[in-house]
Amino acid sequence: MTMTMGYTDSNKIEESLMLVYLPPEILLIILTLVDPSDILSLRQTCRTLHKLTHERVVWLSKLQEQETHLPLPPEILHNREEDGHLFTYSVAAIESTVIKAQHTAEAWTRARVRTPKKLKKGSDGSTLIGLKLLLDRWLVAVYYEGVVHIYDTQPQASFTTGSRHTNPTNLDSHDAAVLRASLVLETNSYTSFSVAIDSTGHRLILALSHPRPPHKIDIYQIELLDLSGETPTLNKVFYLIRSIPLPHYKVIQALDVANRVIIISTPGIVDVLKWDEDYNTEVLGRRGAIFRVNIEDIEGLWNGVVAVRLFGSYILVHKTRSIEIHRYKNYKPNEPPGHVLKHVFSLTFREVSLSECSKSTNKISETTTYEISTFAYDVIQGLFQYTIRLTIPQPPTSELLPSFDVQLAGVYPLALGVVQPIASSRSAPQNQSPPTPMTYSPNFSPSPSFSHTHATRNLDASSFAGSRRDLDHSSATTTDYSSRGFLSTHCIGPQGKRGIWVERKRTSTVRDLQIWSRESPFSTSAADSSSGCMLSGPGDGGFPLQVVEMERRVVYTLHSYDLRGMSLISFSEMVTILRHGHRVDDIICSTFGELSGTIVLGHRSGDISIIKLEH
């Protein structure tokens, strides 16, 4: 009897320690701290956990966590601003969004083993001036020769009326893109463009600038429902809704479809025009908002306009060596400009990629914050990732001015500097001497300089598994600084959570496609500074700062048709390349789908390569 009672008592103790015997409130807290894949595993264990894993609070917490570092469908982000609990969405829909975002994040850093789909240039256009992938599906390719092609990168997907996004059931499909429409104007040529989606998600608005007299900007409207046909249409879906004459050539910088605004510029002037108003070359300067910027800084260096974005009721002008914020709403021509916010760089950025502008409201402080993420490329120093914030008091008053903040969040260095990585308190020996003072080399300007930790760091070969071709040029531990090259193209996603760039090494014609993603603030690698990624360098004002070095993550290697590039690969790989035509020329432009992970590269020859995510 004593033995039986002892056995019974031990069973009670074991049962009291079982997870399912915890109060439901505690179990829900535990589930919010578990990865989504583990939540699905726990669902298979018992009825209690099966029921709890279907609670709305669990998946809302995971969605809120992903929102900090992963791109999510814009309609969900928009609805969360108005309804934080997303009552218009079922729990299954929220769960599906979280799981899909998690799977895409895991596949984003893997090597692309499949051969890219190649879109051959046609006889009507051969000089690409830019690419844009919208809604993770519609690819717009603009050629200098007056040609525009619209491709469907998800030809098997459906298009749902009333939704800004297509049905993502075939996001992992490797079907070739289909040409849906073409605009061919033999008498014109294009040198700049901008394309955007309207608020309904049913129309593309495309603006094209003509460099030859008579100078003008043509604005077209394309109905996406008209692109669902099986055969491509020539010019039929391109509806010309406005033609704006110009006194001389200007670059198209951005479109604001909601306010029917187009932004154009020269190196020293930015024009904000309403495209539904009538213009002619005589009254153009008196009807639109004109912002004049100094194209030289205090050192006499060129400081022209390279990119422009709308920042709520303000306009952000990104120049080569500074950023300016101007108020453009309620602007009256011929009046002196108001207060201009300005940030000065000590670097020279000739190429800049900007994300879309996000908006958040703080009801406690009664402020509205606009945020943009950027990739800014200095051809000598490297690629810099900035976060730009503009905080405006609500309602706007003359007493409180907006605050403007520019933060350097990451850098992919291309120049050898003299500043060493910060030693972690965990990994540094106790008797280690403090870092030596920062010094400047006379060959470099006082701008952020960094030593390459990724140039000598052993890379994890498992992240490139399945692609020997990628490993040949990315995981060598003997890589020194002389192997760093230059970037031929770079692009940051609309939500600023992911980015890509193509690096061509100095000593070869091999091109490495590299990816970047925002680090999760909840990950152990983000909290642990012992990874060696925290660097110390001088800021824009000459003051020390800490910045994360963006990891070198090569997901695909493209070989040149030039035989000098062939010398870096084996004979069998050379035969495969020559047999299947997997050769490329210079890559001059790029775009990608931040949600689907589809990457599109434009070549100097006019061809287009599409690299889809591999789940």
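Strands 15, 16, 17 and 18 line up in that order as an open, antiparallel sheet of four in this predicted model. Here strands are DSSP runs of E at least two residues long, numbered from the N terminus along with the helices (H or I, at least four residues), and two strands pair if DSSP finds at least two bridges between them. The edges belong to strand 15 (305-311) and strand 18 (341-344), each of which pairs on one side only. From one strand to the next, the twist averages 15 degrees; angles run from 0 to 180 degrees between N-to-C directions, with axes fitted as lines to C-alpha atoms, for helices over the stretch in contact. In the middle, strand 16 (residues 314-319) runs antiparallel to strand 17 (residues 322-327) over five bridges, and histidine 318 sits opposite isoleucine 323 of strand 17.

A further open, antiparallel sheet has four strands in the order 24-25-26-29. Strand 24 (486-492) and strand 29 (554-558) have a single partner strand each, so one side of each lacks a neighbour in the sheet. Neighbouring strands are turned by 20 degrees against each other on average, direction ignored. Strand 25 (residues 498-504) and strand 26 (residues 511-517) share seven bridges in the antiparallel sense, with isoleucine 500 bridged to isoleucine 515 in strand 26. Helix 7 (residues 91-108) packs on this sheet, touching strands 25, 26 and 29, and its direction makes about 15 degrees with that of strand 25; contact means heavy atoms within 4.5 Å.

Residues are numbered from 1 along each chain as its sequence is written. Local features need pLDDT of at least 70, side-chain atom pairs count only at pLDDT 80 or more, and totals for chains, interfaces and linings use all residues, while side-chain values use heavy atoms, leaving out hydrogens and water.
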